[in-house]
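Hi,

Here's the structure I promised to pass on. Have a look at it first, then read on for what turned up.

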Amino acid sequence: MVRNCSLTRPLAVVTGASSGIGYELAKQFARNRFDLLVTSTGSSIDEATKSFKGLGAKVETLQTDLATDDGVETLYKHIHKTGRPVDAIAIHAGVGVGGEFTECR
């Protein structure tokens with residue numbers, strides 16, 4: 001397969017793209033002429049996708065939990081299925097946990 005690079009926008013994969021830093025990273029990629037593959041665990045990714053499309057990006061959405069092996073495998077297969085090289089990736093899926101980090105005695 002021969003790609004005409006002058007007609008193909010680069011592809012960025014952004015995990016955790018439904019809110020916070022992941023959302024802002026995806027917006028920056030969209031503003032800088034990247035197409036997106038965005039992921040999140042919840043349906044809020046659908047609302048975020050609307051804003052990315054509003055910035056001119058072609059957007060594919062994947063709802064999966066990257067805290068599981070199955071979720072990671074699903075993302076890998078979805079990336080492969082696009083048939084496109086990944087030009088940038090921002091791995092920002094995660095959950096913050098509060099509390100003490102260490103305990104001194």
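Which strands does helix α2 lie across, and at about what angle does it run to β2? Helix α2, made of residues 44–54, lies across β2 and β3, and its direction is at about 160° to β2. Before going further, keep in mind that this is a predicted model.

Helix α1 (residues 20–31) has its own set of strands: it lies across β1 (11–14), β2 and β4, running at about 175° to β1.

Now for the sheet itself. It's an open one with four strands, in the order β3-β2-β1-β4, and the pairing is parallel. β3 and β4 (88–90) stand at the edges with a single partner strand each, so one side of each has no neighbour in the sheet. From one strand to the next, the twist averages 15°. As a bit of background, strands of a sheet pair through backbone hydrogen bonds, and they can do this in a parallel or antiparallel way.

Zooming in on one pair: β2 (residues 35–40) and β3 run parallel and are joined by five bridges. Ser40 has Gln63 as its bridge partner in β3.

Just past that spot is a residue worth clicking on. Thr64 sits in the loop between β3 (59–63) and α3 (69–82). Is Thr64 buried or exposed? It counts as buried, because its relative accessibility is 11% and the cut-off for buried is under 20%. Leaving out residues up to four places away in sequence, Thr64 touches Ser40, Thr41, Gly71 and Thr74. So Ser40 turns up twice here: as the bridge partner of Gln63 and as a contact of Thr64.

Cheers

Notes:
Residues numbered from 1 in each chain as written. Predicted model: local features only at pLDDT ≥ 70, side-chain atom pairs only at ≥ 80, totals over all residues. Heavy atoms only, no water. Helix = DSSP H or I, 4+ residues; strand = E, 2+ residues; numbered from the N terminus. Buried < 20%, exposed > 50% of the residue type's maximum accessible area, 1.4 Å probe, protein only. Contact = heavy atoms within 4.5 Å. Pairing = 2+ DSSP bridges. Axes fitted to C-alpha atoms, helices over the stretch in contact; angles between N-to-C directions.
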